[in-house]
Amino acid sequence: DKRLDQPLSLGRSNLRASHGCHVQYMANMGSIASLVMSVTINKEDDETENDQQRGRKLWGLVVCHHASPRFVPFPLRYACEFLVQVFGVQINKEVELTAQRREKHILQTQTVLCNMVLREAPVGLITQSPNVMDLVKCDGAALYYKDKFWAVGVTPSEAQIKDIAGWLFEYHGENTGLSTDSLMEAGYPSASILGDLVCGMAAVKITEKDFLFWFRSHMAKEIKWGGAKHDPGDKDDKG
């Protein structure tokens with residue numbers, strides 16, 4: 001409505017029409033009635049100490065279907081909502097505990113790797129355990145040190161690593177490193193030669209001419225939504 005200063009939110013309304021995509025989803029599932037409840041957790045990037053003031057984000061949905069029209073009375077809806085809220089609190093605690101464990105593991109790994117560098121033994125960053133792949137989620141890592149090459153996981157060849165190092169030194173020599181989701185978008189001339197083997201890269205200088213690399217392969221996924229029609233002849237709600 002153009003008369004409103006801002007769009008009217010019906011997020012907490014129980015008396016509203018279903019969105020068109022949800023209606024199509026229900027038709028694909030062969031259901032007539034549905035009850036949907038959201039499971040929310042605290043936002044990870046919100047540093048507010050008071051949980052009541054912290055932002056929330058959607059973690060998942062509890063979706064109930066029925067093949068015929070069915071009325072769910074308010075006491076039952078209220079009980080379901082309460083159970084989902086309790087479930088959300090438990091999920092939030094599990095997520096926070098997992099994040100704390102991951103942070104502790106990263107700090108421990110970082111300490112070990114820093115000690116290797118301080119002992120002037122950077123080769124251990126690749127050859128020993130833990131290595132740099134335990135620090136960053138990636139498909140492969142490589143060390144280019146004193147014109148020698150060490151690699152673990154999925155990486156370009158030694159010649160390609162040297163070419164990337166030369167490109168970094170020429171075009172990004174003033175920086176301490178480079179991080180990109182796509183080498184092609186970053187302007188690396190030979191990115192197309194790498195194909196799907198390597199797409200994203202993070203590189204850090206450990207000396208003026210030596211680099212530590214992390215690589216990620218190209219990732220393409222096809223997601224099949226619940227209730228969707230996957231036959232090529234079928235059409236969704238957009239036709």
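Student: A residue counts as buried under 20% relative accessible area and as exposed over 50%, with partly exposed in between. Which class does Lys 162 fall into?

Tutor: Please keep in mind that this is a predicted model. Lys 162 has a relative accessible area of 36%, which lies between the two cut-offs, so Lys 162 is partly exposed.

Student: And Glu 158, how exposed is that one?

Tutor: Glu 158 also has a relative accessible area of 36%, and therefore counts as partly exposed.

Student: What do the side chains of Lys 162 and Glu 158 form?

Tutor: They form a salt bridge, with an N to O distance of 3.7 Å. Side chains of opposite charge can pair when their charged atoms come close. Both Lys 162 and Glu 158 belong to helix α4, where four residues, about one turn of the helix, set them apart.

Student: How many salt bridges turn up in the whole structure?

Tutor: A search of the whole structure gives one salt bridge.

Student: Let us step back. What is the overall make-up of the chain?

Tutor: The protein chain contains six helices and seven strands. Along the sequence they follow the pattern α-β-β-α-α-β-β-α-β-α-α-β-β. Of the 239 residues in the protein chain, 25% are buried. The accessible surface of the chain is about 17,400 Å², and carbon and sulfur atoms hold 53% of that surface.

Student: How are the strands of the five-stranded sheet ordered?

Tutor: The order in this open sheet is β4-β3-β7-β6-β5, and the pairing is antiparallel. The edge positions belong to β4 (148–153) and β5 (177–180); each has a single partner strand, so one side of each has no neighbour in the sheet. From one strand to the next, the twist averages 15°.

Student: What about the individual pairings, for instance β3 with β7?

Tutor: Strand β3 (residues 140–145) and strand β7 (residues 211–216) run antiparallel and are joined by five bridges. Within that pair, Ala 142 sits opposite Phe 213 of β7. β6 and β7 are also antiparallel, with six bridges, and Ala 202 faces Trp 214 in β7. Four bridges link β5 to β6, again in the antiparallel sense, and Gly 177 stands opposite Val 204 in β6.

Student: How many residues lie between β6 and β7?

Tutor: There are five, and the two strands form a hairpin.

Student: Which strands does helix α4 touch?

Tutor: Helix α4 (residues 158–171) packs on the sheet and touches β3, β4, β5, β6 (200–205) and β7. The direction of α4 makes about 115° with that of β7.

Student: Which residues have the most contacts inside the largest nonpolar core?

Tutor: They are Ile 164, Leu 168, Leu 183, Tyr 188, Met 201, Phe 213 and Phe 215, in a core of 18 residues. At least two residues of this core come from each of β3, α4, α6 (191–194), β6 and β7. Helix α4 gives the most, with five residues.

Student: Take Tyr 188. What does it touch?

Tutor: Leaving aside residues up to four places away in sequence, Tyr 188 touches Gln 160, Asp 163, Ile 164, Trp 167, Leu 183 and Leu 194. There is also a second, separate core of 11 residues, and Met 116, Val 132, Tyr 145 and Leu 212 are among them.

Student: Changing topic to the backbone: where is the cis peptide bond?

Tutor: The cis bond joins Ser 129 and Pro 130, with omega about 5°. Pro 130 lies in the loop between α3 (124–127) and β3.

Student: Which loop holds Lys 146 and Asp 147?

Tutor: Both residues are in the loop between β3 and β4. Phi is near 55° for Lys 146 and near 65° for Asp 147. Most residues other than glycine have a negative phi, and most peptide bonds are trans. The phi values of Lys 146 and Asp 147 are positive, and neither residue is glycine.

Student: Are those two buried or exposed?

Tutor: Lys 146 has a relative accessible area of 60%, so Lys 146 is exposed. Asp 147, at 57%, is exposed as well, because the cut-off is over 50%.

How values were computed
Residues numbered from 1 in each chain as written. Predicted model: local features only at pLDDT ≥ 70, side-chain atom pairs only at ≥ 80, totals over all residues. Heavy atoms only, no water. Pairing = 2+ DSSP bridges. Axes fitted to C-alpha atoms, helices over the stretch in contact; angles between N-to-C directions. Contact = heavy atoms within 4.5 Å. Core = buried A, V, L, I, M, F, W, Y, C linked by side-chain atoms within 4.5 Å. Buried < 20%, exposed > 50% of the residue type's maximum accessible area, 1.4 Å probe, protein only. Areas by Shrake-Rupley, 256 points an atom, 1.4 Å probe, with all protein chains shown as cover. Salt bridge = Lys/Arg side-chain N within 4 Å of Asp/Glu carboxyl O.
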